[in-house]
Amino acid sequence: MRKHRPKIKTVNWILGIISVIVFVFVLFPPFMLFLTSIKTNLDALRFPPVWIFQPVFTNYGEIFHLVPFARNLTNSLIVATVSTLVALLVGSMAAYGLTRFRFRRAKDLSFWILSIRMTPPVAAVIPIFILLRNLRLLDTQLSLIIAYCTFNIPFAVWLLRSFFQEIPREIEESALVDGCSSFATFFRIALPLVAPGMAATGIFTFIFSWNEFLFALIMTGTRAQTVPVVLTGFIRETGIMWSHMAAAGVLAMAPMILFTALVQKNLVKGLTMGAIK
């Protein structure tokens with residue numbers, strides 16, 4: 001046993017060094033983004049980059065005057081939140097139905113749902129654009145919510161399906177014997193048991209909706225623009241306003257970091273659920 005201790009210690013050191021390298025590699029882009037956001041445009045354009053400079057925080061206030069950033073932030077928050085909630089509600093019910101009820105072509109239906117998620121967004125954007133134009137929904141928050149639900153619901157169904165499969169059927173059968181209806185069994189028994197999976201799915205769908213650019217660019221004009229679209233507003237004919245763009249990027253990251261921190265506990269459980277039996 002003692003002969004293996006130096007070897008284990010060496011492996012731990014190597015793993016620790018690799019962890020530090022990965023940690024630095026992951027955090028370097030947001031760190032540079034923050035540094036750029038507190039530089040003047042002159043310092044931001046210097047090459048090689050300057051590391052010692054006089055920080056300025058006026059960029060954070062000026063972006064609200066240069067573009068309607070508060071309205072764009074509100075649009076992103078509403079669209080991402082509503083599309084995530086709809087995807088979780090509809091996706092969990094569909095996933096539960098596919099897992100617990102037997103009917104013909106159930107496997108084909110599951111694959112068909114997944115195939116929608118495989119569709120490249122660029123192939124679907126024109127048909128959805130024409131459909132929403134005929135419904136007079138362009139440049140509204142509702143148009144983006146519908147478009148994002150088209151991709152988020154299949155993803156939620158496919159992900160939550162595996163979580164429902166982990167729940168023993170005996171627990172739900174006991175609830176049915178005690179007089180619970182199928183809906184009550186779903187909402188009061190099954191849904192709380194897959195809460196970690198719901199958290200993980202919710203984070204992924206929220207991140208997708210928050211960062212999505214193609215649909216937001218094509219289906220919005222001025223009223224329903226989201227944050228990813230308005231970031232392009234800092235590209236002017238006179239040049240790119242790097243400091244202001246970086247400040248807007250830092251503010252755009254804040255809601256996602258806050259949301260992830262709030263559900264972090266359930267997220268870890270959700271990502272590891274089913275890994276150990």
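Which residues make the nonpolar surface patch of about 890 Å²? In this predicted model, the patch is formed by Val11, Ile14, Leu15, Ile18, Val22, Phe23, Phe25, Val26 and Leu27.

## The nonpolar patch and helix α1

One member of that patch, Leu27, is found in helix α1, which covers residues 5-37. Leucine 27 has a relative accessible area of 42% and is therefore classed as partly exposed, a value that also lies over the 30% required of a residue in a patch.

## The largest pocket

The largest pocket holds about 150 Å³ of space, and its lining consists of Tyr96, Arg100, Phe101, Arg169, Glu172, Glu173, Leu176, Ser182 and Thr185. Two or more of the lining residues come from each of the helices α4 (69-100), α8 (169-177) and α9 (182-193), and among the contributing elements α8 gives the most, with four residues.

In chemical character, the lining divides into four charged, three nonpolar and two polar residues. Two of the lining residues, Arg100 and Glu172, also meet each other through their side chains in a salt bridge, with an N to O distance of 2.9 Å.

## Salt bridges

The structure holds four salt bridges, and the one between glutamate 172 and arginine 100 links distant parts of the chain, since glutamate 172 belongs to helix α8 and arginine 100 to helix α4, 72 residues apart. Glutamate 172 has a relative accessibility of 4% and so counts as buried, and arginine 100, at 13%, likewise counts as buried, the cut-off for this class being under 20%.

Another salt bridge is formed by aspartate 108 and arginine 105, whose closest N and O atoms are 2.9 Å apart. Aspartate 108 is partly exposed, with a relative accessible area of 42%, whereas arginine 105 is exposed, at 61%. A further pair joins the side chains of arginine 223 and aspartate 139, at 3.5 Å from N to O. Because arginine 223 lies in the loop between α11 (214-219) and α12 (227-230), and aspartate 139 in the loop between α6 (121-134) and α7 (141-165), this pair ties together parts of the chain that are 84 residues apart in sequence. Its two partners fall into separate accessibility classes, for arginine 223 is exposed, with a relative accessible area of 54%, while aspartate 139 counts as buried, at 13%.

## Backbone features

The loop between α6 and α7, where aspartate 139 is placed, also contains arginine 136. Arginine 136 has a positive phi of about 60° although it is not a glycine, and aspartate 139, also a residue other than glycine, has a positive phi near 60°. With regard to accessibility, arginine 136 is exposed, with a relative accessible area of 76%, whereas aspartate 139 is buried, with a relative accessible area of 13%.

A cis peptide bond, with omega about 0°, joins phenylalanine 47 and proline 48, and proline 48 is found in the loop between α2 and α3 (58-66).

## Asparagine 41 and glutamine 165

Asparagine 41 has its place in helix α2, residues 41-44, and counts as partly exposed because its relative accessibility is 29%. The C-alpha atom of asparagine 41 is separated by 54 Å from the C-alpha atom of glutamine 165, a residue 124 positions away along the chain.

Definitions and conventions: Residues are numbered from 1 along each chain as its sequence is written. This is a predicted model: local features need pLDDT of at least 70, side-chain atom pairs count only at pLDDT 80 or more; totals for chains, interfaces and linings use all residues. Side-chain values use heavy atoms; hydrogens and water are left out. Patches are made of residues with over 30% relative accessible area and no salt bridge: like charges are joined within 9 Å, nonpolar side chains (Val, Leu, Ile, Met, Phe, Trp, Tyr) within 5 Å. Accessible areas come from the Shrake-Rupley method with a 1.4 Å probe; for residues, only the protein chains shown count as cover. Buried means under 20% relative accessible area, exposed over 50%, partly exposed in between (1.4 Å probe, protein chains only). On a 1 Å grid over the protein atoms alone, a cavity is a set of points where a 1.4 Å probe fits but cannot get out, and a pocket is an open set with protein on both sides within 12 Å along at least five of seven lines; lining residues have an atom within 4 Å of a point. Grid points are joined across faces, edges and corners, and a volume is the space filled by probe spheres set on the points. Ala, Val, Leu, Ile, Met, Phe, Trp, Tyr, Cys and Pro count as nonpolar, Asp, Glu, Lys and Arg as charged, and the others, Gly among them, as polar.
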